[in-house]
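Here is a short report for a reader meeting this structure for the first time. It starts with the overall build and then turns to charged side chains.

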Amino acid sequence: DEEYNNFYKEKFFDFEDPLAVIHANVEGAVTYKALLYIPAKAPYDFYTKDFKKGLQLYSSGVMIMENCADLLPDCFRFVRGVVDSPDLSLNISRELLQHDRQLKVIGQNLEKKVRADLEKFLKEDREGYEKFYENFGRQIGYGIVSDGGESRRDSLKDLLMFYSSTEKKLTTLKEYVSRMKEGQKCIYYAAGESIAAVDKLPQTELLKDKDYEVLYLTGETDEFVLQALMNYDEKPFRSIVDGDLELL
């Protein structure tokens, strides 16, 4: 672990150890190795146009590209790391690389690997995952509402977290549904600037008095994310400021 952390800090000029390390060593139609990291905090320029996303791409130990943006989708742009494949040509141009079939296969595999490891991270290190989500949760939401997000909604929805009125901490949609009252038809949410602001809504008080759990949406894209999903486990999302809440 110490060697992995030192490599990350030296390679990517970070002072903090990463939150998680993701390994891939694949042999087959396309052979490659990948060593990926999830940073502890978002870089200062992460949400600016100056941020250079992408992984370092190598062919048999020789760097081809410093920031290969095509290897991971934007929802995982926070991932740092190196990918090395002997199957890639050293002389390949940037334009040809974008259309390289082998690179597309590596990218698809890495996307699945990152998603699977984030799900594992959530199950095995809840505290660590919550730290990750506070830093990069907005990106997961962007992955659902952005162009092409339709194809990723099912794969990303279980990575989402929202503040819960009953748990007083972040919760997943799966956890919310598991606690729903018998006969409850909807997943209730309220959007606002802060947890304190949502807490003061009269509708929030009404639902809390009736022992219903409410998700507090305080991120700028949170409501758009739920609107894009429309439902979870066939339970529709319902804003508590809308008309009929179908309370029991």
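How many helices and strands are there in the chain? The chain has nine helices and 11 strands. Keep in mind that this is a predicted model.

**Overall build**

The C-alpha trace spans about 65 × 35 × 30 Å along its principal axes. The chain has 248 residues, and buried residues make up 45% of them. Contacts tell something about how the chain folds back on itself. Among contacts between residues at least 6 apart in sequence, 66% join residues at least 24 apart. The chain exposes about 13,500 Å². Carbon and sulfur atoms supply 47% of that area.

**Charges**

The chain carries 34 positive and 46 negative side chains. The centres of the two sets lie 1 Å apart. How many salt bridges does the count come to? It comes to 12 salt bridges. The table lists three pairs, with the N to O distance for each.

| Acidic partner | Basic partner | N to O distance |
|---|---|---|
| Glu 16 | Lys 41 | 3.4 Å |
| Asp 154 | Lys 157 | 3.3 Å |
| Asp 199 | Lys 208 | 3.0 Å |

**A link between two loops**

Take the pair Glu 16 and Lys 41, whose side chains meet in a salt bridge. Which parts of the chain does the pair link? Glu 16 sits in the loop between helix H1 (2-12) and strand S1 (20-26). Lys 41 sits in the loop between strand S2 (32-38) and strand S3 (55-59). The two residues are 25 residues apart, and the pair links distant parts of the chain.

Are these side chains buried or exposed? Glu 16 is partly exposed, with a relative accessible area of 35%. Lys 41 has 51% relative accessibility, so Lys 41 counts as exposed. The cut-off for exposed is over 50%.

**The other pairs**

Asp 154 and Lys 157 also meet through their side chains in a salt bridge. Asp 154 counts as exposed, because its relative accessibility is 61%.

Asp 199 and Lys 208 form a salt bridge at 3.0 Å, N to O. Asp 199 is partly exposed, with a relative accessible area of 26%. Lys 208 counts as partly exposed too, at 26% relative accessibility.

Which residues do salt bridges with shared partners join into one network? They are Arg 126, Glu 130 and Glu 175.

Methods: Residues are numbered from 1 along each chain as its sequence is written. This is a predicted model: local features need pLDDT of at least 70, side-chain atom pairs count only at pLDDT 80 or more; totals for chains, interfaces and linings use all residues. Side-chain values use heavy atoms; hydrogens and water are left out. A salt bridge is a side-chain nitrogen of Lys or Arg within 4 Å of a carboxyl oxygen of Asp or Glu. Helices (H or I, at least four residues) and strands (E, at least two) are DSSP runs, numbered from the N terminus. Buried means under 20% relative accessible area, exposed over 50%, partly exposed in between (1.4 Å probe, protein chains only). Contact means heavy atoms within 4.5 Å. Accessible areas come from the Shrake-Rupley method with a 1.4 Å probe; for residues, only the protein chains shown count as cover. Lys and Arg count as positive and Asp and Glu as negative; His and the chain ends are not counted. The place of a charge is taken as NZ of Lys, CZ of Arg, CG of Asp or CD of Glu.
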